[in-house]
Amino acid sequence: MKSVQYKYRPEYLTISEPNKYKAENLQSEEMILNLGPQHPSTHGVLRLEVVTDGEIVVDVIPHLGYLHRCFEKHAQSLPFNQTIPYVDRMDYLGAMNSEHAWVMGIEKMLGIDKEIPKRVEYIRVLVAELNRIASHFIAIGTYALDIGAYTPFLWLFRDREHIMRLLEWTTGARMLYNYIWVGGLFYDLPVGFEERCQSLIEYLKPKLVELQQLVIENHIFINRTANVAVLPLPVAINYGCTGPVLRGSGLRWDLRKVDGYSVYPEIDFDIPIGKGEAGKVGDCWDRNNVRVLECFESIRIIEQCLEKLNKEHKRTKEFDPQAVVPKKIRPPKMDFYTRAESTKGELGFFFRTDGRSDVPVRVKARACSFNNLSVLPEIARGGMIADLIAAIGSIDIVMGEVDR
Amino acid sequence: MQLTNRAKKTDKSELSLFERSYLPSLATGLGITIRHFFMKKPTIQYPEQKRYLGPVFRGHHILKRDEEGRERCTACGLCAVACPAEAISMVAQERKKGEEHLYREEKYAAVYEINMLRCIFCGLCEEACPKQAVYLRHDKFVPVFTEREDVIFGKDKLVEDPNNRYRRDAWTKEDAMKLWKND
Ligand code: SF4
Ligand code: SF4
């Protein structure tokens with residue numbers, strides 16, 4: 001077989017169409033790249049339509065709805081207490097916080113929020129903060145995985161597993177607890193919980209320091225995330241960002257302090273904010289640093305709750321966690337908005353009730369992940385494609401909550 | 001840059017000849033690896049080894065019998081009303097003469113079905129039942145099914161075996177802590 005000799009000669013190109021390949025006639029156009037919905041770094045089923053110019057991201061258009069499960073319609077056709085298992089399924093990593101928000105709203109509508117025993121409130125805060133640590137562990141672990149570090153992922157899942165087991169022992173399910181009820185709790189804490197939780201805290205404290213050393217102060221991590229996907233504070237406010245995304249941009253806004261719901265006013269804790277220690281204020285590093293620091297604060301809250309539960313609001317034989325659970329949940333006719341600081345930001349529920357039926361006429365969930373995700377085009381524009389991955393991970397979305 | 005004073009300083013002095021052979025670092029590294037062989041593993045060998053899940057874990061449903069082995073369920077339908085996933089369905093029947101040793105109440109469920117694809121294991125049926133008949137077992141998961149026909153669990157799978165009564169153990173603190181320690 002004769003081998004074909006091919007020799008590239010630029011002038012061949014110009015023989016048939018002399019002017020086509022002249023430098024001044026050449027054109028370039030943007031390429032559209034589809035990222036997801038099955039891409040592992042999009043944290044669920046998110047599809048991103050990325051307009052690229054070479055390696056540069058020109059625009060990002062998120063496409064949602066792959067995980068839509070009609071939460072609002074469900075909530076409109078079920079009595080309030082039966083929706084609690086579905087509220088769990090919105091933000092499945094921080095289910096306890098979602099339950100707390102939902103239940104608080106209904107208690108305020110019924111006007112029984114002052115009658116809830118203090119012990120119940122402390123238990124609620126305790127389990128919610130435990131869940132917050134677990135959720136932040138996933139956020140940081142998967143983020144490190146996204147940008148190429150495997151060890152933090154495994155270590156954090158190992159540590160999270162201890163929290164999950166504790167909550168499983170307490171509530172009867174691993175992630176979807178259905179534990180916080182309107183007017184109380186499903187069960188009281190199991191006997192021996194306090195000791196177990198104390199030993200867990202002792203275990204977690206050095207692990208958190210280790211996490212700081214392993215991830216946050218790691219030079220590779222800093223070089224990868226500092227000055228990447230910077231979110232200025234005015235943009236964050238305009239897009240309605242909340243939670244660690246907003247606090248990473250440097251605003252001390254935490255509903256636990258601002259609204260002071262439940263027993264948070266009685267508890268002493270700080271709100272960490274991003275200060276731009278590694279790069280600019282509001283970059284990926286700041287957001288993750290805020291999450292780690294929040295874990296320390298959560299541990300402080302848990303310790304104080306445990307102390308209260310051990311000393312003032314002890315477990316007694318007579319204590320019934322369902323003492324004020326109403327037989328019939330029928331709030332008066334009203335429009336009501338309730339909000340709470342979930343693991344990812346402000347989780348709000350809007351209720352419209354007619355006072356005649358047990359089901360709400362309209363429920364709207366203000367999901368924090370949804371608003372946080374909307375800022376993604378803003379922070380990814382102008383960066384590299386690889387930085388887009390770093391940007392998605394740093395805003396910590398849960399698609400179950402975005403699509404509801 | 002100095003963020004906290006927790007970061008470890010690395011030694012950047014020049015290596016000696018012995019160090020440059022990398023034998024000490026090799027030995028150190030292998031030592032760490034070998035030490036991990038003998039450490040307690042965070043994982044368990046699942047199907048052979050099982051974890052204690054807690055006294056209130058919500059697993060497989062069970063329809064309890066009373067002390068004399070009679071079925072407790074009276075087919076009142078409260079569990080079906082309380083179920084947010086509409087997973088439970090039943091057909092009620094009057095108890096006939098001579099069946100008193102089988103059913104405790106005058107009415108009983110001739111058919112009691114739970115659709116395990118619909119069920120979300122929330123535990124509200126357990127809470128709603130006035131006769132303490134339906135429970136979610138703490139020691140057993142719902143098995144995997146591969147056929148659509150298998151997902152509806154009837155009374156054959158749900159009613160408690162009279163020879164192998166279901167009990168919830170570990171209600172005392174000592175029991176609970178013992179089981180935790182083994183975990
Ligand atoms: S556990 Fe919940 S979803 Fe399952 S059958 Fe009982 S009430 Fe229905
Ligand atoms: S299991 Fe309980 S709630 Fe359900 S029908 Fe039987 S008695 Fe009624």
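**Group meeting talk: a walk through chains A and B**

Okay, let's start with chain A, which has 16 helices and eight strands. Before I go on, please keep in mind that this is a predicted model. If you put a box around the C-alpha atoms of chain A, along the principal axes, you get roughly 95 × 50 × 50 Å. The chain has 404 residues, and 47% of them count as buried. And if you take the contacts in chain A with a separation of 6 or more, 72% of them come from residues 24 or more positions apart.

So what's inside? The largest nonpolar core has 130 residues. Which residues have the most contacts inside that core? They are Leu130(A), Leu376(A) and Ala391(A). Helix α5 of chain A, residues 118-146, gives the core its largest share, with 15 residues. Let's look at Leu376(A) for a second. Skip its neighbours within four places in sequence, and you find Leu376(A) in contact with Val60(A), Pro62(A), Ala391(A), Ile392(A) and Ile395(A). So Ala391(A) turns up again there, as one of the contacts of Leu376(A).

Now, back to α5(A), and who it packs with. Helix α12 of chain A covers residues 284-311, and its axis comes within 9 Å of the axis of α5(A), with the two crossing at roughly 155 degrees. An angle over 145 degrees counts as roughly antiparallel, and that's why we call α5(A) roughly antiparallel to α12(A). The crossing of α5(A) past α12(A) is left-handed. Quite a few residues make this contact: on the α5(A) side they include Tyr122(A), Leu126(A), Leu130(A) and Ile133(A), and on the α12(A) side they include Val292(A), Cys295(A), Ser298(A) and Ile302(A). You'll recognise Leu130(A), which was among the residues with the most contacts inside the core.

Let me zoom in on one residue from that list, Ser298(A), which sits in helix α12 of chain A. Is Ser298(A) buried or exposed? Well, there are 24 C-beta neighbours inside 10 Å, so Ser298(A) counts as buried. If you leave out residues up to four places away in sequence, Ser298(A) touches Glu129(A), Arg132(A) and Ile133(A). Those three also appear on the α5(A) side of the helix contact. There's also Asp270(A): that one is 28 residues from Ser298(A) in sequence, and the C-alpha to C-alpha distance is 9.5 Å.

On to the sheets. Quick reminder for anyone new: strands in a sheet pair through backbone hydrogen bonds, and the pairing can be parallel or antiparallel. In chain A there's an open sheet of three strands, ordered β1-β2-β3, and the pairing is antiparallel. The edges are β1 (31-35) and β3 (56-63) of chain A; each has a single partner strand, so one side of each has no neighbour in the sheet. From one strand to the next, the twist averages 25 degrees. Strand β2 of chain A, residues 47-53, pairs with β3(A) over seven bridges. Within that pair, you can find Arg47(A) opposite His63(A).

Chain A has another open sheet of three strands, in the order β6-β7-β8, also with antiparallel pairing. Here β6 (334-342) and β8 (362-366) of chain A are the edge strands, pairing on one side only. The twist in this sheet averages 15 degrees from one strand to the next. Between β6(A) and β7(A), the latter being residues 345-353, there are nine bridges. If you want a spot to click on, Glu341(A) stands opposite Glu346(A). And lying across β6 and β7 of chain A is helix α4, residues 95-110, running at about 150 degrees to β6(A).

Last stop, chain B. How many helices and strands does chain B have? Six helices and five strands, and along the sequence they come in the pattern α-α-β-α-β-β-α-β-β-α-α. There are 183 residues here, and 22% of them are buried. For contacts in chain B between residues at least 6 apart, 73% link residues at least 24 apart.

Strand β3 of chain B, residues 107-115, is the one to follow. With β2 of chain B, residues 88-94, β3(B) runs antiparallel and shares seven bridges, and Ser89(B) faces Glu113(B) there. With β5 of chain B, residues 152-153, β3(B) pairs antiparallel over two bridges; that's where Ile114(B) stands opposite Phe153(B).

That's my tour, thanks.

Definitions and conventions
Residues are numbered from 1 along each chain as its sequence is written. Chains are lettered from A and ligands numbered from 1 in the order in which they are written. This is a predicted model: local features need pLDDT of at least 70, side-chain atom pairs count only at pLDDT 80 or more; totals for chains, interfaces and linings use all residues. Two strands pair if DSSP finds at least two bridges between them. Helices (H or I, at least four residues) and strands (E, at least two) are DSSP runs, numbered from the N terminus. Axes are lines fitted to C-alpha atoms, for helices over the stretch in contact, and angles run from 0 to 180 degrees between N-to-C directions. Two residues are in contact if their C-beta atoms, placed from the backbone, lie within 7 Å. A nonpolar core is a set of buried Ala, Val, Leu, Ile, Met, Phe, Trp, Tyr and Cys residues joined through C-beta atoms within 7 Å. A residue is buried if 20 or more other C-beta atoms lie within 10 Å of its own, exposed if 12 or fewer, and partly exposed in between; C-beta atoms are placed from the backbone. Angles under 35 degrees count as roughly parallel, over 145 as roughly antiparallel, 65 to 115 as roughly perpendicular and the rest as oblique. A crossing is left-handed if the near helix is turned anticlockwise from the far one by less than a right angle, and right-handed if clockwise.
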